[in-house]
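Work through the two exercises below with the structure in view. Each task is followed by its solution in steps.

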Amino acid sequence: MKKTALHPRHLQLKARMVPFAGFEMPVSYSGITQEHMAVRQAAGIFDVSHMGEFFVEGPDALPFLEYVTTNYVAGLDVGQAQYSCMLREHGGIVDDLLVYCLGEDRYMMVVNAANIDKDFEHLREQSHRFNVNLLNASEVWSLMAVQGPKALEIVQKLTETDLSEIPYYHFDFVALNSVEEALISNTGYTGAGGFEIYVPQEVALHTWDILMEAGASAGLVPCGLGARDTLRLEKGYCLYGQDIDETTTPLEAGLSWIVKFQKDFLGKEALLQQKAQGITRKLVGLVLHEKAIPRTGYSVCDTEGKPIGRITSGAMSPVLGLPIALAYVSSDYSSPGSRLKVSVRERLAEAEVKKLPFL
Amino acid sequence: MQFPDQLLYSKDHEWVRMEGDLAVVGITDFAQSELGDIVFVDVNTVGKQIEAGQVFGTVEAVKTVSDLFMPLTGEVVEFNTSLASSAEVVNKDPYGAGWIIKVRPAPSADTSHLLDAAAYRKLVGH
């Protein structure tokens with residue numbers, strides 16, 4: 001089992017540790033609901049060092065990324081980041097990721113931990129006719145996220161650089177006290193605002209400590225993967241391996257906004273074909289009107305009880321106080337307001353399609 | 001972690017406290033801690049006679065759902081309805097306000113399979 005550089009802090013804080021994507025990671029410290037609410041109301045700090053970082057450099061870095069990812073990379077300014085995905089030729093999603101434009105011909109890709117090896121292999125296979133260098137620096141970099149309405153105030157205490165000048169989905173290289181160069185990105189997976197902070201592994205513990213100290217008076221709490229999951233679900237963000245994978249396409253997953261058909265990319269033909277034939281299932285938000293949590297794999301039915309889809313992620317929304325879920329359902333039932341049922345153990349619970357995000 | 005001496009414990013992590021001719025049943029401190037934040041307690045067996053070891057309800061936490069098992073044979077006579085609106089009480093006070101059901105033990109009810117606090121503590125490694 002791999003460990004992140006921050007592992008000793010999780011043990012000190014008596015986090016509940018679980019295996020995740022080959023890493024021993026904290027699922028919660030003080031309780032998922034409490035951590036969730038701290039992020040919505042004040043701030044939370046997450047160790048997400050298990051995520052993978054790849055560097056793509058060379059004269060063909062831009063055309064290569066245009067080909068392997070679906071979003072419009074040429075539109076990125078230096079210092080800007082974007083959400084994107086990589087596809088197989090048949091249109092299935094290899095991974096969803098962030099692309100950072102570090103400079104002319106220099107990019108960073110941030111990928112899901114469980115997919116690091118698969119993604120890197122995929123990129124290597126696709127890179128043959130491009131003049132690019134690929135580097136998997138996942139073991140070199142640590143990543144922590146400070147998220148929530150107080151995140152700016154907390155991180156700002158550690159630097160002279162005016163962080164409010166970094167717009168959403170932009171980043172900058174900033175000195176945080178004695179940490180000379182951190183990549184600070186105005187991004188996150190919580191929808192609560194805040195930063196993702198990339199530092200070399202050697203200074204990860206120190207960075208965590210100074211952030212915790214800076215945040216103590218503002219209510220910063222350490223948060224685990226449990227709260228990360230409920231936070232992203234309230235915002236309707238997809239989780240790879242649950243809501244999206246190689247058997248789903250971005251058109252089905254509601255990710256058309258990161259697919260740019262004006263350019264050529266791997267998987268484009270398959271998506272065009274799917275579009276022409278009609279999308280038969282869609283990822284939708286569901287709210288349950290009963291006291292049960294829709295779990296991954298539960299069957300979704302029409303009002304007659306006929307199966308028309310399945311739950312991919314579900315949780316109790318701490319903010320709404322309602323059970324919420326993402327589910328693939330037959331397109332005929334995908335409009336907001338559609339009445340459906342979810343098979344929860346031996347009964348059918350009342351559910352309704354809701355427009356995403358929930359919050 | 002608390003394991004009060006006056007209670008009996010099942011291997012399924014329920015506790016039992018005799019109160020007159022009724023048995024009060026809940027889940028242990030260990031169980032609530034393993035489950036994490038509890039969001040629903042669902043019991044629809046009030047009025048039913050249930051054998052020891054059979055399911056009398058479910059407890060749903062943020063991360064997982066778990067069945068609740070009868071620690072002794074009897075009739076479920078009451079559900080702690082305050083849990084319907086505030087299930088988190090089971091996390092905060094598992095042996096007090098977080099009790100789940102009251103049971104009228106059957107004349108045949110056997111409690112010899114239940115553990116005392118020391119044996120239960122050993123079972124869960126605390």
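The exercises concern a predicted model, and they cover a contact between two chains and one helix.

**Exercise 1.** Describe the contact between chain A and chain B: how many residues does it take from each chain, and how many salt bridges are there between the chains?

Solution.
1. Start with the residues: chain A gives 17 residues to the contact and chain B gives 15 residues.
2. Next, take the area. The two chains bury about 1300 Å² between them, and 48% of it is on carbon and sulfur atoms.
3. Count the charged pairs: there are 5 salt bridges between chain A and chain B. In a salt bridge, the side chains of A:Arg347 and B:Asp42 meet at 3.6 Å, N to O; the cut-off is within 4 Å.
4. Polar contacts across the interface of chain A and chain B come to 11 residue pairs, with both residues at pLDDT 80 or more.
5. Look at the side of chain A that touches chain B. Helix 2 (32–41) and helix 7 (225–234) of chain A are the elements giving two or more residues to that side. Its residues divide into 6 nonpolar, 5 polar and 6 charged.

**Exercise 2.** Examine helix 8 of chain A: which residues are buried, and why do they line one face of the helix?

Solution.
1. Within helix 8 (residues 268–277) of chain A, the buried residues are A:Lys268, A:Ala270, A:Leu271 and A:Gln274.
2. Viewed down the axis of helix 8 of chain A, these buried residues fall within an arc of 160°, so they line one face.
3. The face turned away from the buried side carries the exposed residues A:Glu269, A:Ala276 and A:Gln277.
4. Find the packing partner: the buried residues of helix 8 pack against strand 5 (81–87) of chain A.
5. Finally, check what follows helix 8 of chain A: A:Gly278, with a positive phi near 100°.

How values were computed: Residues numbered from 1 in each chain as written. Chains lettered and ligands numbered in written order. Predicted model: local features only at pLDDT ≥ 70, side-chain atom pairs only at ≥ 80, totals over all residues. Heavy atoms only, no water. Contact = heavy atoms within 4.5 Å. Buried area = accessible area lost by both parts, 1.4 Å probe. Polar contact = N/O pair within 3.5 Å; in protein donor to acceptor, adjacent residues only side chain to side chain. Helix = DSSP H or I, 4+ residues; strand = E, 2+ residues; numbered from the N terminus. Nonpolar A, V, L, I, M, F, W, Y, C, P; charged D, E, K, R; others polar. Buried < 20%, exposed > 50% of the residue type's maximum accessible area, 1.4 Å probe, protein only. Arc of directions from axis to C-beta.
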